[in-house]
Amino acid sequence: TWPFTIGPVTIPMPNFSWRRPAIQRHDVHHMLTGYPFTLRGEFQVAIWEFAAGRYPHWGATLLLLPLVVMGLFWSPAAIWRAFMKGRGGLSLYRPELRDAAGRLSLDALMERTRVEVQRHRAADVAAFAWLILESAAVIVAPIAAIAIAVLASPAGGIRRFVAQLPLAFSLRQCLRRSGYPC
């Protein structure tokens, strides 16, 4: 497992088989882009990777997409700059660079992955907007599915739903204190 930390919350995550080959290249991306190994740097590297060439596994995409919207709340301008930097670069996830991280020096990798940054075009703005929509959908979809399931359940369904939650004991206590008949 590995610790997935956001602010004061740490969630132990399984080290999925698709993640193991990606993590080394992801860490090299931090060094190539100059983005720090911090939460802020994770936002920036995630955006850069989406623009420069994402890891070709749906699990990686689902794991990193929420960082796009989270990064926008942190600093929209910095996220846009990271996206544009990625649009002008090549990630080590690309097939032609997949093995380069293990055999080339950092300077040689910088040379191979850097492409001239161009002024933004309409295509860049459209790609950025689409990435934001994908990110928002990944965040909203599970919340909407739960809300629909709760609202569509028969009378008393909300109480049954709350009773089945892992935190049901403390939620039931809170509801009782507020006068809700559990």
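**Getting to know this chain**

User: Which helix holds Thr33?
Analyst: Happy to start there, with two notes on reading this predicted model. Local features are given only at pLDDT of at least 70 and side-chain atom pairs only at pLDDT 80 or more, while totals for chains, interfaces and linings use all residues. Residues are numbered from 1 along each chain as its sequence is written, and side-chain values use heavy atoms, leaving out hydrogens and water. Helices are DSSP runs of H or I with at least four residues, strands are E runs of at least two, and both are numbered from the N terminus; Thr33 sits in helix H1.

User: Is Thr33 buried or exposed?
Analyst: Relative accessible area decides this: under 20% is buried, over 50% is exposed, and partly exposed lies in between (1.4 Å probe, protein chains only). Thr33 has 8% relative accessibility, so Thr33 counts as buried.

User: Which residues does Thr33 touch, leaving aside those up to four places away in sequence?
Analyst: A contact here means heavy atoms within 4.5 Å. Closer in sequence, the Thr33 side chain reaches the backbone oxygen of His30 at 3.4 Å. With residues up to four places away set aside, Thr33 touches Val45, Trp48 and Lys85.

User: What is the side-chain partner of Arg19 in a polar contact?
Analyst: Arg19 is another residue of helix H1. Arg19 is buried yet has no salt bridge, and Asp27, the nearest side chain of opposite charge, is 7.1 Å away; for charge, Lys and Arg count as positive and Asp and Glu as negative, with His and the chain ends not counted. A polar contact is a pair of N or O atoms within 3.5 Å; within protein one must be able to donate a hydrogen and the other to accept it, and residues adjacent in sequence count only if both atoms are side-chain atoms. At 2.9 Å, the side chain that makes such a contact with the Arg19 side chain is that of Asn15.

User: How many salt bridges are there?
Analyst: The rule asks for a side-chain nitrogen of Lys or Arg within 4 Å of a carboxyl oxygen of Asp or Glu. By that rule, the number of salt bridges is three.

User: How many residues apart are Arg54 and Glu134, which meet in a salt bridge?
Analyst: Their side chains come to 3.7 Å, N to O. This pair links distant parts of the chain, with Arg54 in the loop between H2 and helix H3 (58-74) and Glu134 in helix H7; the two are 80 residues apart.

User: Which residues are linked with Asp124 in a network of salt bridges?
Analyst: Asp124 is buried, with a relative accessible area of 3%. The closest N and O atoms of Asp124 and Arg87 are 2.7 Å apart; Asp124 lies in helix H7 and Arg87 in helix H4 (residues 76-87), so this pair ties together parts that are 37 residues apart in sequence. Arg121 and Asp124 also meet in a salt bridge, at 3.5 Å, N to O. The network therefore links Asp124 with Arg87 and Arg121.

User: What distance separates the C-alpha atoms of Val138 and Pro66?
Analyst: Val138 is in helix H7 (residues 122-152) and is partly exposed at 22% relative accessible area. Beyond residues up to four places away in sequence, Val138 touches Leu62, Leu65 and Pro66. Although Val138 and Pro66 are 72 residues apart along the chain, their C-alpha atoms are separated by 6.6 Å.

User: Which residues form a nonpolar patch on the surface?
Analyst: Patches take residues with over 30% relative accessible area and no salt bridge, joining like charges within 9 Å and nonpolar side chains (Val, Leu, Ile, Met, Phe, Trp, Tyr) within 5 Å. Areas come from the Shrake-Rupley method with a 1.4 Å probe, and for residues only the protein chains shown count as cover. One member, Phe37, lies in the loop between helix H1 (19-33) and helix H2 (39-52). With about 290 Å² of accessible area together, the patch is formed by Met31, Phe37 and Leu106.

User: What share of the residues in the chain is buried?
Analyst: The chain has nine helices and two strands, and about 11,200 Å² of it is exposed, 65% of that supplied by carbon and sulfur atoms. Of the 182 residues, the buried share is 34%.
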